[in-house]
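User: Hi! I have a protein model open and I'm new to this. Could you walk me through it?

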Amino acid sequence: MLRLYWIVTLLYTAKVAHSQSGFSDAVPSSAFTSQLRTSLASSTAISVTAVSSGFSTVTPSKSITSSGFATATPSNTIASITATATITAAPTPTVTSSSSPSGIPIGIPRDYSPAGLAKLWDLVGPVEVPPITTTVIPQTPIALPSHPPALYPSFLAVAPKDILPDLKYPEGFLFGVASAAYQVEGAVMEEGKGPSVWDWASRQPGAVTDNTTADVVDLHYFLYKEDVARIAALGVNSHSFSVSWARIFPFGAADSPVNQQGLDHYADGNSFTIIVHWDTPLALAAYYGGFTSPKFTLVIRTLLSLTKLKLGDRYTFNEPQVYCAQVGSFPFNLSFAPGINEQNAQFQCSYNLLKAHAGAVKAFREMGITGEIAFKSADYIGMPWRANNTEDMEAVERNAAFNIGVFADPILKDTLPPDVLPRLTEQESKEILDAYRTYWNAAPPEGIDACVNNTSDPLWPGCFLELMNDFNTGWSSGPASDPLTPWLQATPQFLRPSFKRLHERWPTSKIYLSEFGFTQPFEGVRNPQVLFQLTEDPERTNYYMTYLGELLLSIHEDGIPVQGAFCWAIMDNAEWNSGLSARFGIQYVNYSSPTLERSYKRSAFALGEFTDVLNPTYHTDYSVADFFEAHL
């Protein structure tokens, strides 16, 4: 598969006036949190243990991942922490201990008490204790280490600051980093949080390549102030992050208690906020089947209302096509709502999710929330593998229809019956916002018609192929990433034509490149003691420099209204079913260190030098310090 791994968001929704109304009347209680801790402490089934075993060397395996990119630059340590931080044993990845997979029981009685939450954690099992249990206050400003020397001699490549020096970003351009709650926060049972479906999934045998969990991971939940200070020191002026739904609603449901500690935690956030980034509360899966149940669509409005005065511009859902594909695969296929099977799970999930998105957009407008709201997706309009081949051209259309154009293209309605693909009403369809990434597409060897008429064909119902090599020459489309991300190749040459195709089909006044990045090959297997090798990431650095150069040309020569770009990721993280071994961060995280020490990689410095985001000619008229004042 040829994958231009980046995500584009189109913003069609208008800004609306700010509302002075308060939060919803769901009442959180510190007493509830205290009772929960007591219940959890006395529960033998969910004993909290520190697991000391490490993770094994991994072999390449197909992974489903949200997005990612990494960067490298030498830097030393995490900033000094105050005496208020409690540090215990060094963290090590939790290794799955169960011998056989077990599905989530669907239809369990709702019990919103601490004992009920303890029963939900029973479905997950033992959880690793974090080495830090209070919010760390960093010493600011963060002092950057010395910049790395030039990567190449000047006759081979110019320095980042000299790439297209006469082109500038538009006024107000947002240059930022991205993260997601499950992937960076850790502290999965701290301060009243409930379990998510990924807390459960990561413990199913074979679900995560290296058998690690995100119980601790980067511990961004307690280290976020330092993390924000570190990226601000690079000159970044924005951050795209997600809230953990299960931190705000431990039981997930709209009529369940709100965890005030979780809600207050996100009060420090601003910039772009993702309401749901795959880590759905486990409770909703246990109550009625989660995304595969139509009941799911009723919850998002309440979640939106609780966050409306706390957060900035919003994405309702992250990469729904990818997530809904996961819902129909292991281990989520062990637990479907009634009437759902592997054939229709992905499409029922998409239908429910899109209805929930439409409801959230409507609520956003009715509540008078300041800002913009969009739908963040990871898909594309492809290119025919064989030029002028009629079937490959049709394959391009089918790929667009089954992914970015889901529910909007007649191809789907002609291929899938309503029991597989539910139909949206005309009004619901008006609320859907899409985005993409790019591959070459080709027809199946047996032809599209034969595939469409054979529901047992492994390519059904899409009936198209995705290719990573050029048909005419046989050469790869670009440099390969880490073996753990075999779907990812660096293909900056496709960025501009991809933007053009998107903008031609769905013209808009504003586009954000909401994620893009790269895994440095074999970074995850290097020795943590040899830091200078871990922070040297030339392939990732080249990835970012070429993509950002193409982005500038797209803006200035093609007239594409790009208003921002967000690098994935702020630091190394739990990359879903690739675990901790696939590293996308622009900062290295030492998971063997008791302080989870962060170090800048070369690519982080290159990004700062190229974008020069402190230059007001490029960016917004407020300072980085002002932008991050709420965080610090």
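Analyst: Happy to; we can go from the overall picture to some details. This is a predicted model, where local features need pLDDT of at least 70, side-chain atom pairs count only at pLDDT 80 or more, and totals for chains, interfaces and linings use all residues. Residues are numbered from 1 along each chain as its sequence is written, and side-chain values use heavy atoms, with hydrogens and water left out.

User: Cool. How many helices and strands are in the protein chain?

Analyst: The protein chain has 20 helices and 13 strands. Helices (H or I, at least four residues) and strands (E, at least two) are DSSP runs, numbered from the N terminus.

User: And what share of the residues is buried?

Analyst: Of the 632 residues in the protein chain, 61% are buried. Buried means under 20% relative accessible area, exposed means over 50%, and partly exposed is in between (1.4 Å probe, protein chains only).

User: What about contacts along the chain?

Analyst: Take the contacts between residues at least 6 apart in sequence: 84% of them join residues at least 24 apart. A contact means heavy atoms within 4.5 Å.

User: Which residues have the most contacts inside the largest nonpolar core?

Analyst: Those are Phe516, Leu548 and Leu551, in a core of 125 residues. Helix α18 (residues 538-556) gives the largest share of this core, nine residues. Apart from it lies another core of six residues, including Val361 and Phe364. A nonpolar core here is a set of buried Ala, Val, Leu, Ile, Met, Phe, Trp, Tyr and Cys residues joined through side-chain atoms within 4.5 Å.

User: Why would there be a core in the first place?

Analyst: In soluble globular proteins, nonpolar side chains tend to be buried together.

User: OK, what does Leu548 touch?

Analyst: Not counting residues up to four places away in sequence, Leu548 touches Tyr169, Phe175, Phe516, Leu607, Phe610 and Thr611.

User: Phe175 is in a strand, right where I'm looking. Which way do the residues of β2 point?

Analyst: Phe175 and Val177 point one way from β2, while Leu174, Gly176 and Ala178 point the other way, and all are buried.

User: Which strands does β2 pair with?

Analyst: One partner is β11, in the parallel sense over five bridges, and there Val177 stands opposite Cys567. Another is strand β3 (residues 238-242), joined to β2 by three bridges and also running parallel; Ala178 stands opposite Ser240 there. Two strands pair if DSSP finds at least two bridges between them.

User: What other sheet could I look at?

Analyst: Try the open sheet of three strands with the order β7-β8-β9 and mixed pairing. Its edge strands, β7 (383-384) and β9 (465-467), each pair on one side only. Strand β8 (residues 440-442) runs antiparallel to β9, with three bridges between them, and Trp440 stands opposite Leu467 in β9.

User: Switching topic: how many aromatic pairs are there?

Analyst: The count comes to 24 aromatic pairs. Rings of Phe, Tyr and Trp (its six-membered ring) pair if their centres lie within 6.5 Å; planes under 30 degrees apart count as stacked, over 60 as edge-to-face and the rest as tilted. Tyr182 and Trp198 form a tilted pair, 5.9 Å centre to centre with 45° between the planes. Both Tyr182 and Trp198 are buried.

User: Got a stacked one too?

Analyst: Yes: the rings of Tyr543 and Tyr547 have centres 4.1 Å apart and planes at 25°, so the pair is stacked. Tyr543 and Tyr547 are four residues apart in helix α18, which means they are separated by about one helical turn.

User: Last topic, backbone oddities. Where are the cis peptide bonds?

Analyst: A cis peptide bond joins Thr140 and Pro141, with omega about 0°. Pro141 is in the loop between α2 (114-124) and β2 (174-178). A cis peptide bond also joins Trp568 and Ala569, with omega about 15°.

User: And which residue other than glycine has a phi near 50°?

Analyst: That is Leu219, and the value is positive. Leu219 sits in the loop between α4 (197-201) and α5 (220-233). Trp278 also has a positive phi, of about 80°, although it is not a glycine.

User: Is Trp278 buried or exposed?

Analyst: Trp278 is buried, with a relative accessible area of 1%. Trp278 also belongs to a cluster linked by ring pairs, whose members include Tyr182, Trp198 and Trp576.
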